[in-house]
Amino acid sequence: MLCKKIMVFAGILLSSLPWVAQAQNQVNMSPGVTEIGAEIYDLHMLIMIICVIIGLLVFGVMFYSIIYHRKSRGVVPSQFHESTKVEIAWTAVPFFILVAMAVPATSTLLEVYDNDEAELDILITGYQWKWRYEYLDAAGEPVAFFSNLATSQEEIYNTESKGENYLLEVDEPLVIPVDTKVRFLITANDVIHSWWVPEISVKRDAIPGFINEAWSKVTEEGIYRGQCTELCGAYHGFMPVVVHAVSREEFDGWMAAKRAEQASDLAAASVEMSLEALMSEGEAVYNGQCMACHGASGEGGVGKAIAGSSIALGDVNTHMDVSIRGVSGTAMQAFGTQLSDIEMAAVITYQRNAFGNNTGDIVQPADVASYKQG
Amino acid sequence: MAATEQAPPGYEKYHVPDSSSLAVRATAGLLLTVFGGGLVLNNMTFGETHEAGNAKWVLLIGLGFFIATLASWFRTTIRENMQGMNSAQLNHSYVLGMFWFIFSEVMFFAAFFGTLFYVRQLAGPWLAGEGEGGRMNDLLWPGFEFSWPPMITPQEAVGGTDIQPIANNGAFVTQERSMSFADAHHWYQWLPMWNTIILLSSSFTVHVAHTALLNDERAKFNRWLGITVALGIIFVFLQAAEYYEAYAHFGLTLNSGIYGSTFFMLTGFHGFHVAMGMTMLLIQLIRSVKGHHFTASDHFGFEASSWYWHFVDVVWVFLFLFVYIL
Amino acid sequence: MGAHHHGPARGITRWLFTTNHKDIGTMYLWFSFAMFILGGAFAMIIRAELFQPGMQLVEPGFFNQMTTLHGLVMVFGAIMPSFVGLANWLIPMMIGAPDMALPRMNNWSFWILPPGFLMLASTLFMEGGAPAFGWTFYAPLSTTYAAPSVTFFIFAIHVLGMSSIMGSINIIATVMNMRAPGMSYMKLPLFVWTWLITAFLLVAVMPVLAGAVTMMLMDIHFGTSFFSAAGGGDPVLFQHIFWFFGHPEVYIIILPAFGVVSQIIPAFSRKPLFGYASMVYATASIAFLSFIVWAHHMYTVGMPVAGELYFMYATMLIAVPTGVKVFNWISTMWRGALSFETPMLFSIGFLVLFTIGGFTGLMLSIAPADFQYHDTYFVVAHFHYVMVAGAVFSMTAAVYFWLPKWTGRMYNETMGKVHFWISFVGFNITFFPQHFVGLAGMPRRVPDYALQFADFNMMSSIGAFVYGASQILFLYNVIATIVAGEKVSDEKVWDGAEGLEWTVPTPAPYHTFEVPPKVGAAPAHG
Ligand code: HEA
Ligand code: HEA
Ligand code: CUA
Ligand SMILES: [Cu+2]
């Protein structure tokens, strides 16, 4: 009776495996698009299959006795309770199986740790809750930008239907060239994050104050998506990573364009901006950078309320001070190093004029620059 | 099991105490203490000073109640023993209890020693860009060199909280002078040296006291135990003087980066344990002088306290070695 | 003090002031069940939010509080106290002792638990909310970036740690000092052995946890920089200290469970436990190894490769002694005369599912592969297989097994079997699909997920509700047994059961073995 139930259940489980594998639901690790990824995948399959085989043997014996050695069949229990030989055997055999597993594991691990001779270095910094990418040794001006979640609040709160890459889309992806050994230097600004893209087989924790190294050599062009995998606060689940792997030429073109864009931004910083321009830029920056903590309408949350805040309504210098240098010992970071002067001027102007804070104050990029100067 | 049956030899009747309110009272005291402590600390760090008044009282009342309960707990135990309720077997349970309690204290200190070794051997060099774990850290902390005792924090090395590459989570200013042994000419002015001598000799004096008790020499016991307590008090006093010096003259505070952190954590907890051990011994002294407690064969209260005392002594030897000398 | 032949005192003071190991055991067991329901309620909130993609029920910050409290309450509130309760009830009866060695302290170890958890739970109502940094509370998320309630969390951990340390000291003293004449170490029932070793682990690692939270406290309130690189510390240091505690902690959870099934399987196989001595050695080896493998939770923090390799090899080794245990249990069943009452069913469920969880543990221990598994639902699946199907199943088995001895009444066997089957199926529906979503790339501790994970998550949530609901049946069965179960009076409730606890009357009298029994030369049993 009982054994039948178990057999039936096991049968259902087993026979459902191929079915699940065929459905579009992914059930297994992906070998990804790197050599290391394929090796890791093979390792994973190897260990899993060994475990399945051991499991079948062990459970096989168990079910055999469950079926044939049951009291209801009137068997008389034997009373043996020891056998040094068998016991030595089943200590030694697993040990050797483990040694056999350790060999490929070691060689793969050593390859993962071979961080030398990279052709491109990218500094990746985790922030609550976004990533910053900086191309370190590209010739010319360094290129750096932030990469924020692009999924809208409406999708998240189910008032709009969810797009195909729900939660796995960003405003500006990381772009890397294929067939190039790219080294990622991973660190964090505030708490620990972890940068993971399954398909390119990189997962490394971002530790504030320390730089970790990882590398990847992507062999196929494409868009690869991942997420932050270390709990980093309220919006840990909303911190995706998107990597575009493109051809070398495309990469160089992208790099040149990016650099030109930065140069023009720099030039713009000395120009006076209108209130409207600052407000629209400011809104974008606010929604991208500040909203997570200060709320969609400045009502506060992790951070204090901006609407009606004595700082946002009071002295401009204090407002600049808080925004640029942060508040020591709180989640309010020093945004001075994260935002350009234009963005900073815009977001401060925005905070001083939105959410009913109608101060009419305008902060120009030049003001921010001179404040930073001291 | 018939009650008339005799216990087999070597197995005396085990005294299972009647139900008792001690545990529940101790719980109330302990919980008030930690809850009050939490309130006080939060007011201190997160503002809301208006609540500080009550919080302090919760803490103090809790602590007072807790200490009083522990006192009455020990008094009960002592009384039971004096009434002859404790079998040798029960006394052995107390011995085991004390032994494993001390073991747990050893592990508590192990966590802090582990911390010290980790930052000295691994994290420090990594921050300075040395070793496999820190190959690229020069990017974050340019100019930071690591040595022990560190006379500069990574934060100071790069120019302060505004410039450091991680979010601002406090200002750490290293000390002007460390506590390590530096000046061989003036070794006699070096407090830790004296503290070591004092604590080592106190371990010796407590041993002499013990021997005296075993030989039933009450006066000698009291005298040597008194000396031990006095040495303990001097130690705590010198430790306080050292802290004063650290704060007032060396700029060495809890904020002094990892050096100040490990220094005060290790010596602070040790000092606290010395104070506890000293109090324990003092109570034994009072018991002996006033209550004529203890006999040559039965003096567990004293024995347990003296084990504890040896334990804080051994911890100090390690401290002296790893915090002050090496 | 004359002979103790009075029964329990009446009223609430019986429970508040008791020094009786059975009373205290009972309180531990009920308390842990209450915590299981609380932790389970948090899990239900987690699963309800994850039923579909998108945010429906709770805010992300609150979700993290649920995850954190679920882990903490289950580990520190449900599993650990439940096994301490079992130890209190059984160890004195199994070794022929009149009570625990230090009865008043025993009462204290229990009574600081409920207020400790009350303080932990009260953080839910504090400004900034409860701790939201995971049960592993990595700095600096748990220091600089934590809500003020973290201070109370820290003190709660201190208090729970004190309780565990005192409880363990008591168990060690009891086993070392209170064995009846003739009860040599190698005759101890395995449950006693596993608990003795567990108690060593606890005394060794709880103080380390206390050290870790103390350093957090200093960083938060006193300006130290243990976990801040700016001052020369290191956030990863926190993880090393935490896991030095945390890894032995998972064996603290499972070793007593091993002990329980080592009692039950022989009883229903009507055959002595196979390989008693090797069981003891295996338990000791597991405990020893558990101290030197902690960093397998930290493969991705960027340790130097030598460290990575060392921790990988050491971790893999644990499969050997654990394998010995599994093989011994199977050999015990081999050529026995098996019957399948509820305790046996749960033990077999344990055996199968724990082994599966062990296998996934072995997969996780392979460092390069763990780069892909780490912090995904694959890990969540792993540890629920070992902790729910391991610890909780064996605890359930233990309750069914000893309940008749405790109460003198028999539970309803049919209901027990139904409970088992719903649990078994519900459990697998909940946690098996989590392997799939984990491998496919779903991170843990997220309140929302990408669309490709939707189907399996829905399945998992449904399974969770089923498994959760089946616990109502369990609760009902236990209460029904206590108030109106069929009376049993045989000393030996189960024909195959061996051990001193089955020689005392049923229900076990308030005081047992006031005069120690003599243990004969009979061979050691399970
Ligand atoms: C009861 C608790 C328990 C138990 C018993 C185990 C048992 C094991 N665990 Fe598990 N583990 C946890 C609880 C537990 N774990 C928890 C709670 C976490 C997550 C913590 C967190 O991050 O929140 C975790 C996480 C965890 C990780 C980190 C994953 C990550 O975060 O990336 C790793 C990595 O090595 C690991 C490994 C192992 C191993 C090797 C065992 C071994 O002991 C298993 C040994 C058993 C077997 C292997 C099966 C039986 C053996 C045989 C039949 C013999 C023959 C077999 C072979 C030779 C293959 N565990
Ligand atoms: C021994 C410990 C233990 C136990 C028993 C459980 C039990 C369960 N856990 Fe556990 N879990 C952990 C330890 C444990 N867990 C830990 C340590 C973590 C990691 C935390 C972290 O990341 O920090 C975790 C994390 C965790 C997650 C991942 C959360 C995340 O990463 O965001 C999930 C998600 O499904 C989950 C689900 C469940 C479920 C469904 C149960 C079920 O088995 C619970 C069943 C019990 C009940 C439901 C209560 C009793 C029943 C009733 C009161 C009846 C009423 C109920 C209904 C009508 C439905 N747990
Ligand atoms: Cu960033 Cu999680
Ligand atoms: Cu572990």
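**Ligand 2 and a surface patch in a predicted model**

Author: In this predicted model, a polar side-chain atom of C:T67 is placed 3.2 Å from an oxygen atom of ligand 2.

Reader: Why is the pair formed by C:T67 and ligand 2 called a polar contact?

Author: The cut-off for a pair of N or O atoms is 3.5 Å. The distance from C:T67 to the ligand oxygen is 3.2 Å, so the pair counts as a polar contact. The backbone of C:W135 offers a polar atom 2.7 Å from an oxygen atom of ligand 2, and a polar side-chain atom of C:R444 lies 3.2 Å from a ligand oxygen; these distances are also within 3.5 Å, and therefore both pairs qualify. Among the elements that give two or more residues to the shell are helix 3 (60-95) and helix 16 (454-484) of chain C.

Reader: Which residues are closest to ligand 2?

Author: The shell holds 35 residues, and the closest are C:R47, C:H70, C:W135, C:H384 and C:R445.

Reader: What makes C:R47 charged and C:W135 nonpolar in a count by class?

Author: Arg counts as charged and Trp as nonpolar, so the residue type decides the class. By this scheme the shell around ligand 2 has 23 nonpolar, nine polar and three charged residues.

Reader: What makes B:I197 a member of a nonpolar patch?

Author: Ile is among the nonpolar side chains that are joined within 5 Å, provided that the residue has over 30% relative accessible area and no salt bridge. B:I197 belongs to such a patch together with B:F181, B:W187, B:Y188, B:W194, B:L321, B:I325 and B:L326, with about 740 Å² of accessible area together. Helix 5 (191-214) and helix 8 (300-325) of chain B each give two or more residues to the patch, and B:I197 is located in helix 5.

Methods:
Residues numbered from 1 in each chain as written. Chains lettered and ligands numbered in written order. Predicted model: local features only at pLDDT ≥ 70, side-chain atom pairs only at ≥ 80, totals over all residues. Heavy atoms only, no water. Near = heavy atom within 4 Å. Polar contact = N/O pair within 3.5 Å; in protein donor to acceptor, adjacent residues only side chain to side chain. Helix = DSSP H or I, 4+ residues; strand = E, 2+ residues; numbered from the N terminus. Patch = residues over 30% accessible without salt bridge, like charges linked within 9 Å, V, L, I, M, F, W, Y side chains within 5 Å. Areas by Shrake-Rupley, 256 points an atom, 1.4 Å probe, with all protein chains shown as cover. Salt bridge = Lys/Arg side-chain N within 4 Å of Asp/Glu carboxyl O.
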